[in-house]
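The exercises below are to be worked with the sequence and the coordinates at hand. Each task is followed by a solution in steps.

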Amino acid sequence: MDYRKTWKEILTFLERDLSQAVIGTFFAGTELASLEAGEAKVFCPNRLSLEHLKQRYAGKLAEAIRAVSGQDCTLSFEIRPVITPNIQELGPIFKAGVPNNGLVSSYTFESFVIGLSNQLATSVAQAVVEQPGNLHNPFFLYSGVGLGKTHLLHAIGNAVQQRFPDARVVYASAERFTTEFIRGVQSQQAAAGFRGKFRGADVLLIDDVQFLAKKEGSQEELFNTFNELFLAGKQIVFASDRHPTEIKDVQQRLISRFAGGMVTDIQEPDLDLRLQILRQKAGVRGAWVEEEVLLTIAQQLEGSIRQLEGTLNQLLTIATAQKVDPSPELARAVLKSAPVSRRFVSAPDVIRTVCQCFGISREQLCSKSRSREIVRPRQVAAYLLRQMGGASLNQIGTLLGGKDHTTILHGLEKVEKDLSQNNFLRNQVESIRGEILGKNRT
Ligand code: ADP
Ligand code: MG
């Protein structure tokens, strides 16, 4: 294993969560000394760095190592002063010589399991790789947390880089974009570096754009960067936790750029996909796990794939430590200690959001009115209550002003049929769903 390369990828992964300042301060001059048999040893240049890594960042570091190498590790740290001069001046990411494109190499299409919920997003992503800048530009990808947006963004970047080795691929979270932009405001040299990097991209991947809310300067800069790249026929991909129209406190002109190309979402994985992902993740770790155990986990964790993965890792780690096979009992024990995954979607939230989006009152929604302007929102509310809240027909009937369950069923059938034929309605419902999920994010 090339430890230098692996370490670089680990640090790149950490940049998802840690600021550039933290990485530059505490990780500068660190090295991966070894990584084998579930043990990782990290050299730190001084005590400050060692203490911080050990006490504050060990968890994140272990997660990053797992993501990059597929191994669960116990960590040890040792002080080893660096001899190279000036090494502290730059963050570790930038001192490596080769320009860093920010990509994690394990996030590829090959390691991305496809199912109903992410099929469309994946095929758009693959089309982007086939013809960057051409077919779907920009490509805007959105979903709830932990469903694979970041993975897909990196997969696009890695695949483009592989097909076109000279292409300049740049991946950055909106947070990172903002930090670098601010640094650019403070020094001319940094400003030139920033411009060169983002405006020089052939493929620009910006993650978590909802982060730009209220950051006027960065929005302006992204808007200008976008226009320049777009006019030059360069590919731009955005990811966000919600539909463009649901992003708050971002200038309208930027929103309309976001929504100006292909907008696609990833939905929550169904049981089948969850199982497949667990099989794949167990396979990557070289662990053989009985189907029944995988099923136990897949049945209980419905929301985020990150959590699915985390739970499997936890189970395997405990099983290894106790020198037992991972059994359904052990899985249940691990699941008990896991945080409740189901995102709580409350009925009043659904109803309120639907009313807001259609501009009607709750009284109207729950009234006996049969006018089109009221019936449609009522059907959509029923659909979302059922789909997101898992409410029964009777419960929905009660929530919507004492309707009969056959009336509700009728409405559901109608809206489902319309959804399959009517793009406008589909987008409308998706954006309402995004809004509700946004409210329930913890
Ligand atoms: P998001 O950016 O939407 O919050 P991530 O892309 O970070 O989600 O995904 C969370 C974790 O789940 C990552 O480790 C990722 O590799 C994994 N993951 C998500 N979707 C899939 C998939 N379809 N196949 C395999 N792994 C997946
Ligand atoms: Mg992400």
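**Exercise 1.** Which residues does the UniProt annotation "domain: AAA+ ATPase" cover?

Solution. The model is a predicted one, in which local features need pLDDT of at least 70, side-chain atom pairs count only at pLDDT 80 or more, and totals for chains, interfaces and linings use all residues. Residues are numbered from 1 along each chain as its sequence is written, while chains are lettered from A and ligands numbered from 1 in the order in which they are written. According to the unreviewed UniProt entry, the annotation covers residues 135-270; UniProt positions are given in the numbering used here, feature names are shortened, and annotations may be inferred rather than shown by experiment. Over residues 135-270, helix makes up 46% and strand 18% of the chain. Helices (H or I, at least four residues) and strands (E, at least two) are DSSP runs, numbered from the N terminus. The end C-alpha atoms of this stretch lie 29 Å apart.

**Exercise 2.** List the assigned domains, then describe the contact of domain 2 with domain 3.

Solution. The assignment, automatic or from a database, gives domain 1 (3-79), domain 2 (119-265), domain 3 (271-337) and domain 4 (347-439). Taken over C-alpha atoms, the centres of domain 2 and domain 3 are 34 Å apart. Each side gives residues to the contact: 4 from domain 2 and 4 from domain 3, where contact requires C-beta atoms, placed from the backbone, within 7 Å. On the domain 2 side, 2 residues are nonpolar, 2 are polar and none is charged. Here Ala, Val, Leu, Ile, Met, Phe, Trp, Tyr, Cys and Pro count as nonpolar, Asp, Glu, Lys and Arg as charged, and the others, Gly among them, as polar.

**Exercise 3.** Is His154 buried or exposed?

Solution. First, locate His154: it is in helix H6 (residues 149-163). Next, count neighbours: His154 is buried because it has 27 C-beta neighbours inside 10 Å, the cut-offs being 20 or more other C-beta atoms for buried, 12 or fewer for exposed, and partly exposed in between, with C-beta atoms placed from the backbone. Last, not counting residues up to four places away in sequence, His154 touches Leu103, Val104, Tyr107 and Tyr171.

**Exercise 4.** Apply the count to Asp349.

Solution. Asp349 belongs to helix H15 (residues 347-358). Since 18 other C-beta atoms lie within 10 Å, Asp349 is partly exposed. Its C-alpha atom is 38 Å from that of Leu316, 33 residues apart along the chain.

Methods:
Contact = placed C-beta atoms within 7 Å.
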